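Visitor: I am new to this structure. Please show me how to read a strand and its neighbours.

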Amino acid sequence: MARRSAVTWNALIKGYAQAGRRDEALALFRCMRRQDGVAPDKYTFPALLSGIGRNRSGGCVQELGAAVHAQVVKSGLDKDPFVGASLLSMYAATGALEDVKAVFDDMDTLDPVVWSSMISAYVNCKEEEAALLTFYKMLCQDITPRQFVYSSLFAICGSMSMLEMGRQVHAHSLKNITDNDAAMTNALLTMYSDCGCIDDAWRVFDSNDIVDVISYNSMILALGQHAHPKEAVELFKRMKFSGLIPDEVTLLNLLSAFNHAGLVHEGLHLFNSMLDIEGIKPTYQHYACVIDMLARSGEIEESMKTIKEMPFEAETPLWRIVLGACSKHGDIETGMKIAEMLFEKEPYEPTNYILLGNIYARLGRWTETENIRSLMEKSGIDGDDAFSWIEMGQRTHRFGVDDRAHPISEEIYRNLDRLMGSIKAAGYVPDTSFATHSTGKNRREESLRYHCEKLAFAFGDLASPSGDTLRIMKNLRVCGDCHSAYKYFSLVTGRKIVLRDNHRFHHFYKGACSCRDYW
C-alpha cells in the first residue's frame, strides 16, 4: 500500500491477534510506530490486548500485558471505555485480579461496557460473590446492564445454586431487555436446570423465539442430568425435524442422558451409528462417555477393552472413572491395577487413594482400608471434605460432616434424630458398607447418621413449611446410604426433594428416586 493509516494497521494487527499469532501482532505494532510513525488509537490496543489474553503460552504474559498497558497510558487512552474494557479482559484472562481491580478503579466511569467487563472478569477469576456485588453497585448507579451481563449472572446463580437470586436477576432482565438474545436465554435455561428446576427450564426453552442448536443442546443436557432420557430423545427428534443439524455436543449430551439412565444398549447404538447416520466422527469425549456408561453398568471388562481400542490415549480422569466403577461393583483385581498405574502417574491425587479405599471398605477389608488411609497421612495427602448446602430465606446454609457450627445446631440434630427414627420405623436400614472406618456395627451406623446431606435436609425440614420442595446440593457424589435415607425422608415427610451431587440430579418423592437407584 502506498499509504497506510491507523485503520489499515489495526486491521492487520487484529487479524494476527485473532489467529493466535500474538508475537507477530506485537511486532506489527512496533512497525506501525517506528516505520510509518502512525499513532495508535482506541482500536489498536483492544486488538493487541485480545491477542495477549487469548494466547497464554510463551514468554511472560503478564509482563507483555503490562508493557502494552504502559503504551496505553502514554497514548492517553487509559480512560477510554473501549480500551479499558479490553485491559480488564486481558488481565482477567491472565488471572491478575488485583490488576483488574486497579484498572477498573482508575477509570471511574459509568460506561456499561466497562462495568460489564468487570463482572465478566470476576466470573473468569471465580470471584462469583464479587461479580454479584458489582452488579448491585451497577444498578445503584442507574447503569443498564447489557445482555451478556445477565448471561454471566445466570451462570453464577446456576453454579452456586442460588435459585432466589437467579429469579430476581431473571425478573430484572425482563424489565430491561426487550430483544430476545439466544445466549442469554440459554444461560437462563441452564441456570434453572442447575438449580434443580427442570420444569422452569422447559418453560424457558418453549418460550424462546430464537431456538438454535445451542438451545437444543442445553435442554437435552438438562433433561439427561434430571433423569429424563425419553424426553431427551424426543427433543433430539424434534430438533432434526425442525431442520437443525446436530453437532458433536448434541450427540455427547444425548449419550450422557443414556448414561445417567443406564440405557447401555441405546447408548451403544447411538455411538456406533454416529458417523454413518449423523456424519459425526466420535471424539475423545464421546469415547469417554461410552466407557463411563459401560463401567457404571458393571461392564468393566468391556470398558477396559474400549479404552484399548479407541484411537486416543486414555487420560487419568478416564481411568479414575473406571476405578470408581470398580469401587461400586467390587472389582478389586481391576481396581488395584488401575490404582497402581494412577499412583505412579499422580502420586498426590487424593481421589485415587479414596476410590481404592472405598473398594476395600465395600468388601469389608478394613485392614487394607486403614492401610490406604495411613499411606495418605504419611504422604501428606488430604481428600476433599464433603459438604452440602441449601438456600433458605435468601441465605445459603452450608453443612459439613458432623457439623455443629450452625446457630441452631442443637435443633437440627434433634430433628435429624427424630427423622432417623421415623424412617427406621418405615423400613430404612442403614447400609454400613458405606462407612469408612473399621469400628463396630453400631459405631458405623452412627458415623453414617450425621453425613452433611442428612444435616442439610434436617435443617431444611425445620426451616420451611410442611410440604415445600427442598433443593439441596452436595460437592461430592451422594453415598448410597444417604440416597436410601432420602427416599424414606420423602416418604415420611411428604416432601419433594431435589438433591444435586457432582454427577447429576436426584428427584425424591413418595419413597422413590428419579434415578431408579442407578447413578
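Guide: Start with one pair: I390 has I472 in β3 as its bridge partner. This is a predicted model, where local features need pLDDT of at least 70 and side-chain atom pairs count only at pLDDT 80 or more, while totals for chains, interfaces and linings use all residues. Residues are numbered from 1 along each chain as its sequence is written, and side-chain values use heavy atoms, leaving out hydrogens and water.

Visitor: What counts as a strand, and when do two strands pair?

Guide: A strand is a DSSP run of E with at least two residues, numbered from the N terminus. Two strands pair if DSSP finds at least two bridges between them. Here β1 (residues 387-392) pairs with β3 (residues 470-474) in the antiparallel sense, over three bridges.

Visitor: How many bridges join β1 and β2?

Guide: Six, again in the antiparallel sense, with β2 covering residues 395-400. Within β2, R398 is the bridge partner of W389. The two strands form a hairpin with two residues between them, and G393 in the turn has a positive phi of about 60 degrees.

Visitor: Is β1 mostly covered or uncovered?

Guide: Buried means under 20% relative accessible area, with a 1.4 Å probe and protein chains only. Five of the six residues of β1 are buried, so defined.

Visitor: What is the order of the strands in the sheet?

Guide: The open sheet of six strands runs β2-β1-β3-β4-β5-β6, with mixed pairing. Because β2 and β6 (512-513) stand at the edges with a single partner strand each, one side of each has no neighbour in the sheet. Further in, β3 and β4 (residues 497-500) run parallel, joined by four bridges; R471 stands opposite V498 in β4.

How values were computed
Buried means under 20% relative accessible area, exposed over 50%, partly exposed in between (1.4 Å probe, protein chains only).
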